[in-house]
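Me: I have a protein structure to look at, and I would like to learn how to read it step by step. Could you guide me through it?

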Amino acid sequence: KKLLLLLICNVGFAQHVYFSAGFDPRNAILGSSPTNDKPELNYMLEFKMVGNNNVEIGIGFEEFNRIDFNRMYGTIGYRFPFIGNTIITPTIEPTLINRYDNWGGGITYYMKQSFMTIGLGSTLEVPINDKFGLQFYCGALPRPDIKMMYGNDKIVVSGQIKLIYKIEL
């Protein structure tokens with residue numbers, strides 16, 4: 001509730017807002033070791049607001065059903081103009097990771113596991129026109145779920161390609 005209230009209050013600060021949807025092309029085409037090298041969908045949905053001072057805040061959701069993983073996260077970043085109209089935005093991403101279903105050898109509905117962590121991300125935004133653009137995202141996320149299950153510290157680096165839709169305010 002507090003996050004929703006914060007977002008509503010900050011709409012007044014926004015120069016524009018945008019929605020994005022993306023996927024991990026590597027997992028969609030080739031798969032990875034957690035998917036036994038079989039193609040699987042790993043997608044991300046986001047809502048972000050950009051202020052006149054180039055500060056960007058947002059919320060997002062990522063789902064990777066094949067490995068019983070999803071995460072809800074916030075982002076805060078600063079948009080730097082790059083070559084031409086492209087923009088680079090480094091972000092800090094407080095994250096809540098959820099593990100469910102068969103993760104860990106078959107946890108039950110009542111044994112869902114959640115883990116908090118903070119990751120780092122960066123996007124390269126390439127405008128298509130005034131309303132649409134492409135984003136190339138790269139993130140590094142410390143994974144306490146993997147540490148709990150397997151006992152080793154791991155930072156997972158992932159990439160997504162996203163289509164964005166901008167609304168000017």
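**Reading pockets, rings and contacts**

Reply: Happily! Let us begin with empty space: the largest pocket holds about 690 Å³. Of the 29 residues lining this largest pocket, P34, F64, I67, R143 and V156 are the closest to its centre. Keep in mind as we go that the model is predicted.

Me: How is such a space found, and which elements supply the lining of the largest pocket?

Reply: The general idea is simple: a probe the size of a water molecule is rolled over the atoms, and this shows where empty space is left. In this structure, at least two lining residues of the largest pocket come from each of α2 (25-29), β3 (55-64), β4 (69-78), β6 (87-99), β8, α4 (144-150) and β9.

Me: How many nonpolar, polar and charged residues does that lining have?

Reply: The lining of the largest pocket has 13 nonpolar residues, together with seven polar and nine charged ones.

Me: What is the volume of the second largest pocket, and which residues are the closest to its centre?

Reply: Its volume is about 170 Å³. The second largest pocket is lined by 13 residues, and R79, N85, T86, I87 and E125 are the closest to its centre. Each of β5 (80-81), β7 (113-127) and β9 gives at least two residues to this lining. Sorted by class, the lining of the second largest pocket has four nonpolar, five polar and four charged residues.

Me: You keep naming elements. How many helices and strands does the protein chain have, and how do they run from the N terminus?

Reply: There are four helices and nine strands in the protein chain. Reading from the N terminus, the order is α-β-α-β-β-β-β-β-α-β-β-α-β.

Me: Now rings. How many aromatic pairs does a search of the whole structure find?

Reply: To read a ring pair, look at the distance between centres and the angle between planes; planes from 30 to 60 degrees apart count as tilted. Here the search finds three aromatic pairs. One of them is F19 with F47, a tilted pair with 5.1 Å from centre to centre and 45 degrees between the planes. F19 belongs to strand β1 (residues 14-23) and F47 to strand β2 (residues 43-51), so this pair, whose members are 28 residues apart, links distant parts of the chain.

Me: Are F19 and F47 buried, exposed or in between, and why?

Reply: The relative accessible area decides: buried means under 20% and exposed means over 50%, with partly exposed in between. F19 has 40%, so F19 is partly exposed. F47 is partly exposed too, because its relative accessibility is 22%.

Me: What about F132 and Y165?

Reply: F132 and Y165 also form a tilted pair, at 5.3 Å centre to centre and with 50 degrees between the planes. This pair links distant parts of the chain as well: F132 is in strand β8 (residues 132-142), Y165 is in strand β9 (residues 155-168), and 33 residues separate them. With a relative accessible area of 35%, F132 is partly exposed, and Y165 is partly exposed at 33%.

Me: Where does the charged end of R71 sit?

Reply: For this feature, you look for a charge placed over a ring. The charged end of R71 sits over the ring of Y73, at 4.1 Å from the ring centre.

Me: Is R99 buried or exposed, and what does its side chain reach?

Reply: R99, in strand β6, has a relative accessibility of 5%, so R99 counts as buried. To read its contacts, follow the side chain outward. The side chain of R99 reaches the backbone oxygen of D68 at 3.1 Å, and a polar contact of 2.5 Å joins the side chains of R99 and D145.

Me: Last one: which residues have a positive phi although they are not glycines?

Reply: Phi is a backbone angle to check residue by residue. N36 has a positive phi of about 55 degrees without being a glycine, and D37 likewise has a positive phi of about 55 degrees. N36 lies in the loop between α2 and β2, and D37 is placed in that loop too. N36 counts as exposed because its relative accessibility is 53%, while D37 is exposed with 55%.

Technical notes
Residues numbered from 1 in each chain as written. Predicted model: local features only at pLDDT ≥ 70, side-chain atom pairs only at ≥ 80, totals over all residues. Heavy atoms only, no water. Phe/Tyr/Trp six-rings, centres within 6.5 Å; stacked < 30°, edge-to-face > 60°. Buried < 20%, exposed > 50% of the residue type's maximum accessible area, 1.4 Å probe, protein only. Lys NZ or Arg CZ within 6 Å of the ring centre and 35° of its normal. 1 Å grid on protein atoms, 1.4 Å probe; cavity = no way out; pocket = protein on both sides within 12 Å on 5 of 7 lines; lining within 4 Å. Points joined across faces, edges and corners; volume = space filled by probe spheres on them. Nonpolar A, V, L, I, M, F, W, Y, C, P; charged D, E, K, R; others polar. Polar contact = N/O pair within 3.5 Å; in protein donor to acceptor, adjacent residues only side chain to side chain.
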